[in-house]
Every structure is written in structure tokens, then in C-alpha cells.
Amino acid sequence: MDQTTPILLVPGLASSARIYAPVIPSLWQFGPVMVANHIRDDSMAAIARRVLSEAPPRFALAGHSMGGYIALEIMRQAPERVARLALINTQARPDTEEATARRRGLMELARRGELRAAREEMFPELVHPSRRDDAGIRQLVHEQGDDVGVEGYLRQQTAIIARVDSRPTLATIKCPTLVLTGDQDNTIPNAFSKEMAEGIAGARLVVLENCGHLPQPEQPAATVRALVEWLGTPVVSGLRTA
């Protein structure tokens, strides 16, 4: 990759730059790394517009979970600015009625000052079953919740609930694309990652073993390998080489 191409990382719901800490040091060899602020708006379109307004003219884009929803919106608004795309433990589908109902319950907890309880309720689904007692990752989840705060969390959930179906626009994505997921993601099943990879011409699908929804802290070395390979994929005139 052109050494001057910046790398823009977008965190997920109730997540901050901390989620990418295990992988960022290995990415600087490809260009300057920055993390998007995605807590100030309550729609995907507005979040994407603001991220684009603060981003360099052209960049590599990686989005994790909700960050993937934002990345797909960015691809609709300004595909010419994205040199390459990574979709990490995310999906192209809109919210289901069941998911929306659960989100509203978690939002009510947050409004009552119980954001920590809302994050604690989700924790078993965020990690591989073998890590449900991992105190370090649990602490990371709660620290990120504190970074985002109640109002930011409510805005994020509102945006997620109203997000559009991105499946119809997957075929328009032409840049080198990585789709990364865990073998036991109980938040966003990896079948949805496979669906995205099949919908994007030439996309590379990587399924990490012994990994849930948080590959950066769960499988940092494997996540780094996948991202480094993605960033090293040759590009000619903005398109993937054959």
C-alpha cells in the first residue's frame, strides 16, 4: 500500500479507540492511523458525513461491528475516497424486530444510569465461550462504555436501529476488501460475514478460530496478520489487481 495512505478505524457500539489498541502498532508501517469519533450523531448517514468531513481525502477504512455499518454507509456516500475496506465482525443486514426490542431494553437501562449493567448483560455474547470469565476483556468492555457515555450510547443505538439494508449495495464495492469474523461470534453470526464476502467481488473472508465478537483482544496476532495482508494487497488505479 502507498505509505502515505492513512488508515481510518471505526469502533463498534459502546466501543472506543481502546478496541484497536492491540493492532494499531502493526498498522503504522502502512500509513498514519486514526480512529473515528462516532458518538455525536444519531443516524448512520449523519455519522458517516461527519467522519468523512474529518477524514483525509483518501484512506483505508476498517469498521468493527457498528463500525462496519458506518463503513458501508461511507461506501455509499463516498466510495471514491476509500482505497480499501475491512469489515470486521459485522453484517450488511438491517435490524430485526427482535434485535430492536432488545436494544430498546438496553437503552432504558442506560437511561436509568445502568449502562454498566447493559454492557454486563451483553458480555457473554461478545466473547468466545472460553473467555466469559476473562477479567481483562470484561474490564475493556466497561472502560469503553465509560468512554462513550450514556448519551453517546443512546445515539449509537438509535442509529443502529434505523440503519438501512446494505446488501443491495455490496456489489458496488470495488476496492480490495477483507471480511473478518470469529468462528463463534454469538453477537453477529459469521454466516452474515460469509454473506457479505459472497456479495463483494473478490472479497477475502477470514474466519478466526477460538474467537468471538472481539477479535482484536481475543486473537490479536491473527487479527494483525489478516489486517497486514489486507493492507499489503496491491492496488492498480484504485482497483484490486487480478
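**View A. Packing of helix 7 in the predicted model.** In this predicted model, the buried residues of helix 7 pack against three strands: strand 4 (82-88), strand 5 (177-182) and strand 6 (204-208). Helix 7 spans residues 190-199, and its buried residues are Asn-190, Ser-193, Met-196 and Ala-197. These residues lie on the same side of helix 7, because the arc they cover around the axis is only 105°.

**View B. Buried residues of helix 2 and their cover.** Helix 2 runs over residues 44-54. Its buried residues are Met-44, Ala-46, Ile-47, Ala-48, Val-51 and Leu-52. The elements that cover them include two strands, strand 1 (7-10) and strand 3 (59-64), and two helices, helix 3 (66-77) and helix 6.

**View C. Surroundings of Ile-24 in helix 1.** Ile-24 belongs to helix 1, which consists of residues 24-27. The relative accessible area of Ile-24 is 19%, and the residue is therefore buried, the limit being under 20%. When neighbours within four places in sequence are left aside, Ile-24 is in contact with Leu-9, Val-33 and Val-35. Met-34 is 10 residues from Ile-24 along the chain, and the C-alpha atoms of the two are separated by 9.0 Å.

**View D. Crossing of helix 5 and helix 6.** The axes of these two helices come within 10 Å and cross at roughly 135°. Helix 5 and helix 6 are therefore oblique to each other, and their crossing is right-handed. On the side of helix 5, the contact is made by Leu-115, Arg-116, Ala-118, Arg-119, Glu-120, Phe-123 and Leu-126. Helix 6 contributes Ile-137, Arg-138, Val-141, His-142, Gly-145, Gly-149, Val-150 and Tyr-153.

**View E. Salt bridge between Arg-102 and Glu-121.** The whole structure contains 16 salt bridges, and one is formed by the side chains of Arg-102 and Glu-121, with an N to O distance of 3.5 Å. This pair links distant parts of the chain, 19 residues apart: Arg-102 is in helix 4 (residues 97-111) and Glu-121 is in helix 5 (residues 115-126). Arg-102 has a relative accessibility of 31% and so counts as partly exposed. Glu-121 also counts as partly exposed, at 39%.

**View F. Salt bridge between Glu-108 and Arg-111 within helix 4.** The closest N and O atoms of this salt bridge are 3.7 Å apart. Both Glu-108 and Arg-111 lie in helix 4, where three residues, about one turn of the helix, separate them. Glu-108 is partly exposed, its relative accessible area being 35%.

**View G. Salt bridge between Arg-131 and Glu-218.** The side chains of Arg-131 and Glu-218 meet at 2.9 Å, N to O. The pair links distant parts of the chain, 87 residues apart: Glu-218 is in helix 8 (residues 215-218), and Arg-131 is in the loop between helix 5 and helix 6 (135-161). Glu-218, at 5% relative accessibility, counts as buried. Arg-131 counts as buried as well, at 12%. Elsewhere, Arg-18, Glu-143 and Asp-147 are joined into one network by salt bridges that share partners.

Methods: Residues numbered from 1 in each chain as written. Predicted model: local features only at pLDDT ≥ 70, side-chain atom pairs only at ≥ 80, totals over all residues. Heavy atoms only, no water. Buried < 20%, exposed > 50% of the residue type's maximum accessible area, 1.4 Å probe, protein only. Helix = DSSP H or I, 4+ residues; strand = E, 2+ residues; numbered from the N terminus. Arc of directions from axis to C-beta. Contact = heavy atoms within 4.5 Å. Salt bridge = Lys/Arg side-chain N within 4 Å of Asp/Glu carboxyl O. Axes fitted to C-alpha atoms, helices over the stretch in contact; angles between N-to-C directions. Parallel < 35°, antiparallel > 145°, perpendicular 65-115°, else oblique. Left-handed = near helix turned anticlockwise from the far one by under 90°.
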